[in-house]
Amino acid sequence: MPKKFLTFHCRSNDDLGVKVLGFEKSCHFQFNKQFFESIVFRCNFSWPSQNHTFVIYDSDRDSCTYCDWYIRYSYPFNGSIPCLQRTLRAEPDYHPWAS
């Protein structure tokens, strides 16, 4: 990903608002999940000439308690792509953009 600002907006039942991050910066959010509650956090990511949507957390898909997501440039995918780092030593899981 180019060294540009990343603007993103995440929401579920809660709207986390619009955030802007610089290159190699991070943002953290947390929530309390009820046992039988289904939660989906959908985020819109944009930087110059790019705009993508991705489900950053889906309680039916994700089993992690602490999910470490990042956006990484990947040559096999010919562009930036969301990655989930499950542990420090593991290879990341690559996920396609929803749009």
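Of the 99 residues in the chain of this predicted model, 32% are buried. The fold is built from strands: there are 7 of them and 0 helices, and along the sequence they give the pattern β-β-β-β-β-β-β.

A good place to start looking is the interior. The largest nonpolar core holds 15 residues, and those with the most contacts inside it are Phe-45, Trp-47, Phe-54, Ile-56, Ile-71 and Trp-97. Strands β1, β3, β4 and β5 each supply at least two residues of this core. The biggest contribution comes from β3, which gives 4 residues.

One of these core residues, Phe-45, also takes part in an aromatic pair. The count of such pairs in the model comes to 1, and the partners are Phe-8 and Phe-45, whose rings are stacked with their centres 5.9 Å apart and 25° between the planes. The planes count as stacked because the angle of 25° falls under the cut-off of 30 degrees. Phe-8 belongs to strand β1 and Phe-45 to strand β3, so that the pair links parts of the chain that are 37 residues apart. Both partners are shielded from solvent by the usual test: Phe-8 is buried at 8% relative accessibility, and Phe-45 is buried at 7%.The strands β1 and β3 are also joined by a covalent link. The model contains 1 disulfide, formed by Cys-10 and Cys-43, with the sulfur atoms 2.0 Å apart. The link of Cys-10 and Cys-43 is right-handed, with 110° about the S-S bond. Cys-10 lies in strand β1 (residues 6–11) and Cys-43 in strand β3 (residues 40–47), so the disulfide ties together parts that are 33 residues apart in sequence. Cys-10 counts as buried because its relative accessibility is 4%, and Cys-43 counts as buried at 1%.

Next comes the empty space in the model. Rolling a probe the size of a water molecule over the atoms shows where such space is left. A search of the whole structure finds 1 cavity of 30 Å³ or more, and the largest cavity contains about 40 Å³ of space. Its lining is made up of Phe-8, Cys-10, Leu-16, Gly-17, Lys-19 and Phe-29. Two of these names are familiar: Phe-8 is a partner in the stacked aromatic pair, while Cys-10 is a partner in the disulfide. The elements that give two or more residues to the cavity lining are β1 and β2 (15–21), and β2 gives the most, with 3 residues. By residue type, the lining of the largest cavity divides into 4 nonpolar, 1 polar and 1 charged.

Phe-29 reaches this lining from a loop, since its place is between β2 and β3. With a relative accessibility of 30%, Phe-29 counts as partly exposed, whereas Phe-8, which also lines the cavity, is buried. Phe-29 and Leu-16, another lining residue, are 13 residues apart in sequence, and their C-alpha atoms are 8.4 Å apart in space.

The open space can be described in a similar way. The largest pocket has a volume of about 1,000 Å³. It is lined by 35 residues, of which Cys-27, Cys-67, Asp-68, Trp-69 and Tyr-70 are the closest to its centre. Strands β1, β3, β4 (50–58) and β5 (68–74) are the elements that give two or more residues to this lining, and β5 gives the most, with 4 residues. The lining of the pocket comprises 23 nonpolar, 6 polar and 6 charged residues. The strands β1, β3, β4 and β5 therefore appear in two settings, as each supplies at least two residues of the nonpolar core and each gives two or more residues to the pocket lining.

Among the residues closest to the pocket centre, Cys-67 sits in the loop between β4 and β5. Cys-67 is partly exposed, with a relative accessible area of 23%; this value lies above the 20% under which a residue counts as buried. The C-alpha atom of Cys-67 is separated by 8.9 Å from that of Ile-56, a residue 11 positions away along the chain. Ile-56 is one of the residues with the most contacts inside the largest nonpolar core.

How values were computed. Residues are numbered from 1 along each chain as its sequence is written. This is a predicted model: local features need pLDDT of at least 70, side-chain atom pairs count only at pLDDT 80 or more; totals for chains, interfaces and linings use all residues. Side-chain values use heavy atoms; hydrogens and water are left out. A disulfide is a pair of cysteine sulfur atoms within 2.5 Å. Buried means under 20% relative accessible area, exposed over 50%, partly exposed in between (1.4 Å probe, protein chains only). On a 1 Å grid over the protein atoms alone, a cavity is a set of points where a 1.4 Å probe fits but cannot get out, and a pocket is an open set with protein on both sides within 12 Å along at least five of seven lines; lining residues have an atom within 4 Å of a point. Grid points are joined across faces, edges and corners, and a volume is the space filled by probe spheres set on the points. Ala, Val, Leu, Ile, Met, Phe, Trp, Tyr, Cys and Pro count as nonpolar, Asp, Glu, Lys and Arg as charged, and the others, Gly among them, as polar. Rings of Phe, Tyr and Trp (its six-membered ring) pair if their centres lie within 6.5 Å; planes under 30 degrees apart count as stacked, over 60 as edge-to-face and the rest as tilted. A nonpolar core is a set of buried Ala, Val, Leu, Ile, Met, Phe, Trp, Tyr and Cys residues joined through side-chain atoms within 4.5 Å.
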